[in-house]
Amino acid sequence: MTLGHTRADGALLPPDATALVVDPAPLVREALAARLRAMGARDVEEAAGLDEARVRAHVSGPRALCVLDVDLPDSTGPVPGPAGRGLELLPVLRADGWPVVVALTAVTDPGVVRAAFLAGVQGYLLKTSPLAVLTEGLQAALSGEVWADPGIASSLAVGLTRTPADDGAGHLSAREVDILRLVAEGHTNKEIGDLVDLSALTVKSHLARIARKLGTGDRAHMVALGIRSGVIS
């Protein structure tokens, strides 16, 4: 594997690079922020969940790197949402021009791993991996490579060999496409209902039909499949 160049001062990040760390655990955020500063980051913002991350990402503007956990809590409280929900931040970052996003998580579910790469992460790292693996993965992603933690090799193989749901995406109704697009923007069921003048229960029913057509009930995976098939962008 060809990695990027280390700076003359030994730092791995470009001069004046800044970053955003998104993780629900304060100790993880603190440790990762310290590691990024040791790698050369001038400034590191931190966010604990999706809502806070959206605000910080928008206010700060594109930074050199975003490292996020795919298993983030929603706005209703500290209990994590569906595994992979952190990937709902990807469309926001992509629209704002963030160049590099790396997932750092304990989630190894093949569907989530596949959804992460389809959604555009440059790296997928596990929290259980050694520090050397973390450093190598971050450096590779910052060098423009797509990097997968050795610990998810089997998950990645399973995810990539699953039958694509492109045909199912092609059978989504106009209303279902609208709802999937709003899911990609990170809205809750209630917010979606308010935007399209439907009850949250009706939105939930639409999402159930979308899940059946796409073959997955994971919101991040549905969004990734919708982007891949071209029905949403």
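## Tyr124 and its neighbours

Let's start with one residue in this predicted model. If you skip the neighbours within four places in sequence, Tyr124 is in contact with Val70, Ala103, Thr105, Val107, Val112, Val113, Ala116, Phe117, Trp147, Ala148, Asp149 and Ile152.

## Two nonpolar cores

Now zoom out a little. In soluble globular proteins, nonpolar side chains tend to be buried together. Here the largest nonpolar core has 31 residues, and Tyr124 is one of those that touch the most other members, along with Val22, Cys66, Leu68, Val70, Leu87 and Leu89. Quite a few elements chip in with at least two residues each: strand 1 (18-22), strand 3 (65-68), strand 4 (101-105) and strand 5 (123-126), plus helix 2 (50-60), helix 3 (90-96), helix 4 (110-119) and helix 11 (219-229). Which helix gives the most to this core? That would be helix 4, with five residues.

There's also a second core, separate from this one, made of 22 residues. Val44, Leu65, Val67 and Leu104 are among them.

## Salt bridges out in the open

Side chains of opposite charge can pair when their charged atoms come close. This structure has 15 salt bridges. Take Asp16 and Arg42: their closest N and O atoms are 3.8 Å apart. Asp16 sits in the segment before strand 1, while Arg42 is in the loop between helix 1 (26-38) and strand 2 (43-47), so this bridge ties together parts that are 26 residues apart in sequence. Are these two residues buried or exposed? Both Asp16 and Arg42 are exposed.

## Salt bridges further in

Glu45 and Arg63 also meet in a salt bridge, with 3.6 Å from N to O. Glu45 belongs to strand 2 and Arg63 to the loop between helix 2 and strand 3, 18 residues apart. Glu45 counts as partly exposed because its relative accessibility is 22%, and the cut-off for buried is under 20%. Arg63, at 10%, is buried.

Next up is Arg219, which pairs with Glu88; here the closest N and O atoms are 3.6 Å apart. Arg219 is in helix 11 and Glu88 is in the loop between strand 3 and helix 3, so the pair connects parts 131 residues apart in sequence. Why does Arg219 count as buried? Because its relative accessible area is 13%, which is under the 20% cut-off. Glu88 is buried too, with a relative accessible area of 2%.

## A network of charges

Some salt bridges share partners, and that joins Asp43, Glu45, Glu52, Arg56 and Arg63 into one network. You've already met two of its members, Glu45 and Arg63, as a bridged pair.

Conventions
Residues are numbered from 1 along each chain as its sequence is written. This is a predicted model: local features need pLDDT of at least 70, side-chain atom pairs count only at pLDDT 80 or more; totals for chains, interfaces and linings use all residues. Side-chain values use heavy atoms; hydrogens and water are left out. A nonpolar core is a set of buried Ala, Val, Leu, Ile, Met, Phe, Trp, Tyr and Cys residues joined through side-chain atoms within 4.5 Å. Buried means under 20% relative accessible area, exposed over 50%, partly exposed in between (1.4 Å probe, protein chains only). Helices (H or I, at least four residues) and strands (E, at least two) are DSSP runs, numbered from the N terminus. Contact means heavy atoms within 4.5 Å. A salt bridge is a side-chain nitrogen of Lys or Arg within 4 Å of a carboxyl oxygen of Asp or Glu.
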